[in-house]
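Here are a few exercises to work through with the model open in your viewer. Have a go at each one before you read its solution.

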Amino acid sequence: MQDGSAPTPVTIRSAPRTIDGTDAWNLVRQLLAAGTPDGRAGPLALANDGGWQCAGKYTPEAESVFEIFLPLVAARAKARRTMIVALLGQSLDGRIATLSGHSHYVNCDAALLHLHRMRALADAVIVGAGTVALDDPQLTVRRCEGTTRLRVVVDPDARAPADRKVFADGRAPTLLARCRSGDPVAGTETMLVPRKDDAMDLDALLDRLYARGVRLALVEGGGRTVSHFMTTGRVDRLQLAVAPMVIGSGRPSIALPPIERLDDALRPPTRRFALGADTLFECRLGD
Ligand SMILES: NC(=O)c1ccc[n+]([C@@H]2O[C@H](COP(=O)([O-])OP(=O)(O)OC[C@H]3O[C@@H](n4cnc5c(N)ncnc54)[C@H](OP(=O)(O)O)[C@@H]3O)[C@@H](O)[C@H]2O)c1
């Protein structure tokens, strides 16, 4: 304009940011930190039953993050005993590793990100002695924001090698659950747990973990340890991250006592989510 009058101020409104998977995870973490079964974090509202509403725009990945994690946040806050989520990454033919124990990696990056988010959600990450011996895992949160609170190794016969990272790296506390005392492992607390039916009494272990404030534990493998937890009826959610891969031989995922007829097979209510090339099946086994 050439008439000498002052230009009209123009307000440039930036479009509201679309919530992506990382934003969604950070909102979930805010609700987790609040420790209540319902609440608000920014545009996100969580209801007591795990239902949610988000006032902003969000991507499909963000929606999956809300759908997967918010029911667990609500359930954890209400848990009256340690809630168990068991997670295994497996091939189409139900293998979690080769016979020699090689398992890096069955799953794609998106499924590994999910695993690390599950670690960050959990108050404790539990693995069996076989996984510690063969994989030497760190069990820490590295692929997303969050912390590793407690690592628990189920080692009834005190066989796990003491030089493994989970005992030696000092990156998070580690608890060694044994049925017999064995040699002490430097920097690691040992908890003696009674046996029941020739195996570790997992109810006794979980009672003790609950007394320490563990409301939600992630059982991360291997197959034998997850199967032990399933046999005792203590798995609330079974998450299987299935990769489009056929190993054809190897270490099995879940192995339960044999049944005669398919009528006796478990057919739990199941939700499905895409994790990159992999598919996550979440089976509701508990309340
Ligand atoms: N793809 C995945 O998601 C994934 C995840 C984890 C591990 N892995 C792979 O899985 C393999 C290891 O799995 P795995 O099934 O052979 O071993 P595992 O489950 O890691 O450990 C098995 C050991 O756990 C002990 N255990 C656990 N719960 C028990 C209970 N209630 N009572 C008695 N003992 C109990 C037993 O120790 P004792 O023998 O001392 O009795 C058993 O030998 C490795 O190759 C690893 O790479 C894959």
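The exercises below deal with a predicted model, and each is followed by a worked solution.

**Exercise 1. Find out which residues surround the ligand and which elements they come from.**

Start with a head count: the ligand is surrounded by 27 residues, and Gly89, Thr131, Asp135, Arg224 and Thr225 are the closest. Next, sort the shell by class: 10 of its residues are nonpolar, 11 polar and six charged. Now look for the polar atoms facing the ligand. A polar side-chain atom of Asp135 sits 2.5 Å from a ligand oxygen, and one of Arg251 sits 3.1 Å from a ligand oxygen. Gly89 uses its backbone instead, with a polar atom 2.8 Å from a nitrogen of the ligand.

How much of the ligand's area does the protein bury? On its own, the ligand would expose 910 Å², and the protein buries 91% of that.

Last step, the elements: strands S4 (83-90), S5 (95-97) and S11 (199-200), along with helices H4 (129-135) and H7 (223-231), each give two or more residues to the shell. H4 has the largest share, five residues.

**Exercise 2. Describe how domain 1 and domain 2 meet.**

First, mark the bounds: domain 1 covers 18-78, while domain 2 is made of 81-253 plus 268-284. Then take the C-alpha centre of each domain; the two centres are 24 Å apart. For the contact itself, count 18 residues from domain 1 and 21 from domain 2.

Now for the area. About 1,500 Å² is buried between domain 1 and domain 2, and carbon and sulfur atoms give 64% of it. Which three residues supply more than any other three of the area that domain 1 buries against domain 2? They are Trp25, Leu72 and Arg76, which supply 41%.

**Exercise 3. Track down the unusual backbone geometry and place it in the fold.**

Keep the usual pattern in mind: most peptide bonds are trans, and most residues other than glycine have a negative phi.

Step one is the peptide bonds. The bond from His104 to Tyr105 is cis, with omega near -10°, and Tyr105 belongs to the loop between S5 and helix H3 (109-121). The bond from Gly221 to Gly222 is cis too, with omega near -5°; Gly222 is in the loop between strand S12 (216-219) and H7.

Step two is phi. Asp197 isn't a glycine, yet its phi is positive, at about 50°. To place Asp197, look in the loop between strand S10 (195-196) and S11.

How values were computed:
Residues numbered from 1 in each chain as written. Predicted model: local features only at pLDDT ≥ 70, side-chain atom pairs only at ≥ 80, totals over all residues. Heavy atoms only, no water. Near = heavy atom within 4 Å. Polar contact = N/O pair within 3.5 Å; in protein donor to acceptor, adjacent residues only side chain to side chain. Areas by Shrake-Rupley, 256 points an atom, 1.4 Å probe, with all protein chains shown as cover. Helix = DSSP H or I, 4+ residues; strand = E, 2+ residues; numbered from the N terminus. Nonpolar A, V, L, I, M, F, W, Y, C, P; charged D, E, K, R; others polar. Domains from an automatic or database assignment. Contact = heavy atoms within 4.5 Å. Buried area = accessible area lost by both parts, 1.4 Å probe.
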